[in-house]
Amino acid sequence: MTGFLDGLSANALAALPWLFEFWAQPHQLPPEGDWRTWVCLGGRGAGKTRAGAEWVRAQVEGARPLDPGRARRVALVAETYDQARDVMIFGDSGIMTCCPPDRKPAWEATRRRLVWPNGAVAQCFSASDPEALRGPQFDAAWCDELAKWPKADETWDMLQFALRLGDAPRQLVTTTPRAQATLKDVLRAPSTVLTHAATEANRAFLAPSFLAEIRERYRGTHLERQELDGALVEDTEGTLWPAALIEHARVAQVPALSRVVVAVDPAVSAGVKSDLCGIVVVGALTEGPVADWRAYVLEDASLRAASPTAWARAALAAAERHGAERIVAEVNQGGNLVEQVLRQINPVVPYRGVHATRGKAARAEPVAALYEQGRVFHATRLGALEDQMMQMTAQGFQGTGSPDRVDALVWALHELILGTRPARPKLRTL
């Protein structure tokens with residue numbers, strides 16, 4: 001490498017930082033061939049934004065600063081106008097950062113557009129406002145984080161009608177994948193090509209501690225596969241909890257709660273090869289009519305315990321952290337032993353044992369119906385629990401092992417909401 005650099009002229013050395021083809025990873029370069037849509041899928045930090053910004057540069061720039069490029073009118077579409085400006089244009093890997101000084105475009109804030117010295121224009125659009133794409137026309141487009149767009153179908157459709165200039169208009173989609181219908185439709189199109197990379201592909205530009213910590217925290221969950229591996233995680237066929245339903249349940253704030261319980265699905269055995277002990281904390285706002293009650297999943301404290309005392313201490317600690325009014329535990333297999341273990345540590349703990357008279361799937365169905373009705377929310381990251389939820393179907397659990405976390409969640413919601421209902425809700429028929 002040193003010999004190569006020593007052989008370059010001063011002008012060539014000055015130009016080298018702006019030659020993306022020299023520095024790029026394979027997934028950041030457009031594939032060869034005749035395509036209309038290039039989808040660049042990747043994990044967080046995999047270099048997708050840089051790929052998008054450099055592709056726009058390659059479309060609009062000519063051989064010299066004032067020479068025309070392949071494209072003259074470019075659409076920049078993001079989840080919001082702010083995202084388009086702050087990430088695609090002014091971000092650390094955005095267009096303004098990537099352009100050399102003699103080709104840097106001017107930002108016209110009031111018109112939400114970039115104008116290059118050669119006259120090329122890139123205009124910002126929000127996926128919350130698809131009608132703004134009705135009227136303009138383009139010969140290229142960069143769509144960022146399509147899987148997060150709030151009005152994805154409408155925005156994508158309006159963009160396709162607008163992408164009609166030039167001999168062969170093209171578009172680039174840079175996104176972390178989600179099981180979202182619009183993205184899946186785009187990937188199925190015959191004119192779509194795909195590049196893909198995990199977060200580690202861009203490790204040279206990421207903190208080593210970030211990679212180690214983030215992998216360890218989400219190891220084995222769908223968030224690891226989706227957010228780090230950049231894989232499109234499909235719903236289990238017949239799942240009671242599709243990924244979109246869980247995403248819709250996320251909230252940033254929790255109101256003052258009327259009740260909080262800790263539900264426990266005890267493990268039959270103990271030790272490193274035992275089943276997990278499901279421990280889930282759920283609170284509920286139980287003001288007004290029962291139909292208006294709402295529940296909030298506050299924590300998944302499940303663990304593989306070395307002994308019954310270990311899971312009992314974990315359950316009691318979770319109750320103390322959240323001010324829970326009682327612990328609810330399934331006693332089909334542990335019987336009185338479950339209560340005895342808890343009371344050995346805290347003799348006055350409020351406790352109720354519950355008996356399963358139906359199968360796991362049958363107990364889970366009315367809980368899934370509460371999610372469909374928009375009455376259950378997730379107040380924190382619950383990756384491992386959500387993984388189990390997505391693998392629970394009306395025919396049973398499709399994952400490995402036992403759905404201990406889901407069982408605990410189900411018992412908590414039966415205790416807080418379903419146990420008070422005169423009739424249990426039914427799943428919507430699709």
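**A walk through a helix and two groups of strands**

Helix H4 is mostly covered, with 11 of its 13 residues buried. The model is a predicted one. H4 takes in residues 48-60. From first C-alpha to last, H4 reaches 19 Å, close to the 18 Å expected at 1.5 Å a residue.

Which residues of H4 are buried? Among them are Lys48, Glu54 and Arg57. Ala51, Ala53, Trp55, Val56 and Val60 are buried too, and so are Thr49, Gly52 and Gln59. An α-helix has 3.6 residues a turn, so residues three or four places apart point the same way.

Now turn to strand E2, residues 73-78. E2 is mostly covered as well: 5 of its 6 residues are buried. Follow its pairing with strand E5, residues 121-126. The two run parallel and are joined by 6 bridges. Look for alanine 75, which stands opposite glutamine 123 in E5. E2 also pairs with strand E6, residues 140-144, in the parallel sense over 4 bridges. Here valine 77 faces cysteine 143 in E6. In a regular strand the side chains alternate between the two faces of the sheet.

Further along the chain comes another sheet. How many strands form this open sheet? There are 6, in the order E13-E12-E9-E10-E11-E14, and the pairing is mixed. The edge strands are E13 (351-354) and E14 (376-378), each pairing on one side only. From one strand to the next, the twist averages 25°.

Inside that order, find E9 (residues 259-265) and E12 (residues 326-330). They run parallel, joined by 4 bridges. Valine 261 stands opposite arginine 326 in E12.

Methods:
Residues numbered from 1 in each chain as written. Predicted model: local features only at pLDDT ≥ 70, side-chain atom pairs only at ≥ 80, totals over all residues. Heavy atoms only, no water. Expected span 1.5 Å × (residues − 1). Buried < 20%, exposed > 50% of the residue type's maximum accessible area, 1.4 Å probe, protein only. Pairing = 2+ DSSP bridges. Axes fitted to C-alpha atoms, helices over the stretch in contact; angles between N-to-C directions.
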